[in-house]
Amino acid sequence: MAMNRIQFQPGLSLPKFIDLYGTEQKCETALEQARWPGGFRCPRCQGKEYGLIHGRRHKRYQCRNCRHQATLTAGTILEATKLPLTTWFLAFYLVGQAKTGISSLALRRHLGVNYRTAWLVHNKIMQAMKERDGAYVLRGRVQVDDAYLGGERCGGKAGRGSENKLPIVAAVSLDESGHPRH
Ligand SMILES: [Zn+2]
């Protein structure tokens with residue numbers, strides 16, 4: 001499902017992050033703005049009029065036209081989650097800020113959840129990021145290079161033609177000043 005992404009400004013500090021997304025209410029508002037930037041739109045009939053139903057966990061939006069009930073998280077990786085939104089947002093932040101990646105173990109420690117939960121959250125975020133990256137078409141100045149991975153097996157031919165090595169191609173698009181974009 002198409003959805004505008006929650007995007008944190010680059011280099012967002014932890015105190016600023018907590019200031020912006022430190023409560024359920026603030027996270028809910030951010031999700032609402034990401035989901036319906038121009039105000040509520042019924043996913044079924046595109047109606048704009050709605051009533052709010054306050055559930056135990058998250059509020060639901062009921063379309064006045066077709067009675068369809070929508071939640072902020074339906075159709076996203078947060079769908080049916082039992083975790084507070086603040087935990088998810090902190091996970092987005094930590095995964096997004098970790099330049100060399102973050103382990104599920106580290107995430108478990110930072111989020112204060114059990115390992116299985118941290119692993120699930122981590123994997124859902126990584127999958128979403130992979131799908132987003134997969135949708136990119138590199139534009140502008142693009143540099144391409146080829147390389148070979150592996151070589152752990154013994155024997156066989158050496159060098160580029162070796163059956164032990166996996167050829168890979170990497171490409172990066174650059175901005176005007178030569179910095180990598182995607
Ligand atoms: Zn509707």
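Me: How many disulfides does a search of the whole structure find?
Reply: Zero. A disulfide is called when two cysteine sulfur atoms lie within 2.5 Å of each other. The search finds no pair that passes. One caution about the source: this is a predicted model, where local features need pLDDT of at least 70, side-chain atom pairs count only at pLDDT 80 or more, and totals for chains, interfaces and linings use all residues. Residues are numbered from 1 along each chain as its sequence is written, and side-chain values use heavy atoms, with hydrogens and water left out.

Me: Which residues coordinate the zinc ion, and what makes them donors?
Reply: They are Cys42, Cys45, Cys63 and Cys66, each through its SG atom. A donor is an N, O or S atom within 2.8 Å of the metal (3.2 Å for Na, K and Ca). The SG atoms sit at 2.3 to 2.4 Å, so they count as donors. Water is not among the atoms, so a site may look incomplete.

Me: Why is the arrangement around the zinc ion called tetrahedral?
Reply: Look at the angles. Four donors count as tetrahedral if all angles lie between 85 and 135 degrees. The donor atoms here subtend 99 to 116°. The arrangement is therefore tetrahedral. The ideal angle for four tetrahedral donors is 109.5 degrees.

Me: How are the donor residues of the zinc ion spaced in sequence?
Reply: The pattern is C-x2-C-x17-C-x2-C. Cys45 and Cys66 link distant parts of the chain, 21 residues apart. Cys45 lies in the loop between α2 (24-35) and β1 (50-54). Cys66 lies in the loop between β2 (59-63) and β3 (69-71). Helices and strands are DSSP runs, numbered from the N terminus (helices: H or I, at least four residues; strands: E, at least two).

Me: Why does Cys45 count as partly exposed?
Reply: Its relative accessibility is 28%. Buried means under 20%, exposed means over 50%, and partly exposed is in between (1.4 Å probe, protein chains only). So Cys45 is partly exposed. Cys66 has 24% and is partly exposed too.

Me: What is the order of the strands in the open sheet?
Reply: The order is β1-β2-β3, and the pairing is antiparallel. β1 and β3 stand at the edges because each has a single partner strand, so one side of each is left without a neighbour in the sheet. The twist averages 35° from one strand to the next.

Me: How do you know that β1 and β2 pair?
Reply: Two strands pair if DSSP finds at least two bridges between them. β1 and β2 have five bridges, in the antiparallel sense. That is enough to pass. A hairpin of four residues joins β1 to β2. Tyr50 has Cys63 in β2 as its bridge partner. β2 and β3 also run antiparallel, joined by three bridges. Opposite Tyr61 stands Ala70 in β3.

Me: How many aromatic pairs are counted, and what makes two rings a pair?
Reply: The count is ten. Rings of Phe, Tyr and Trp (its six-membered ring) pair if their centres lie within 6.5 Å. Planes under 30 degrees apart are stacked, over 60 edge-to-face, and the rest tilted. Phe40 and Tyr61 are 5.8 Å apart, centre to centre, with 5° between the planes, and this pair is stacked. Phe40 is in the loop between α2 and β1, and Tyr61 is in strand β2, 21 residues away. Phe40 is buried at 7% relative accessible area. Tyr61 is buried at 1%.

Me: Why is the pair Phe89 and Phe92 called tilted?
Reply: The planes stand 50° apart. That is neither under 30 nor over 60 degrees, so the pair falls in the rest. The centres are 5.6 Å apart. Phe89 and Phe92 are about one helical turn apart, because they are three residues apart in helix α3 (residues 85-97). Phe89 is buried at 0%, and Phe92 is buried at 17%. Both belong to an aromatic cluster with Phe17, Tyr21, Trp88 and Tyr93.

Me: What is the phi of Arg67, and is the residue buried or exposed?
Reply: Phi is near 70°, a positive value in a residue other than glycine. Most residues other than glycine have a negative phi. Arg67 sits in the loop between β2 and β3. At 52% relative accessibility, Arg67 is exposed. Ala80 also has a positive phi, near 60°. Ala80 is in the loop between β3 and α3, and at 65% it counts as exposed.

Conventions
Four donors count as tetrahedral if all angles lie between 85 and 135 degrees; four count as square planar and six as octahedral if opposite donors are over 155 degrees apart and all others between 65 and 115; anything else is irregular. Axes are lines fitted to C-alpha atoms, for helices over the stretch in contact, and angles run from 0 to 180 degrees between N-to-C directions.
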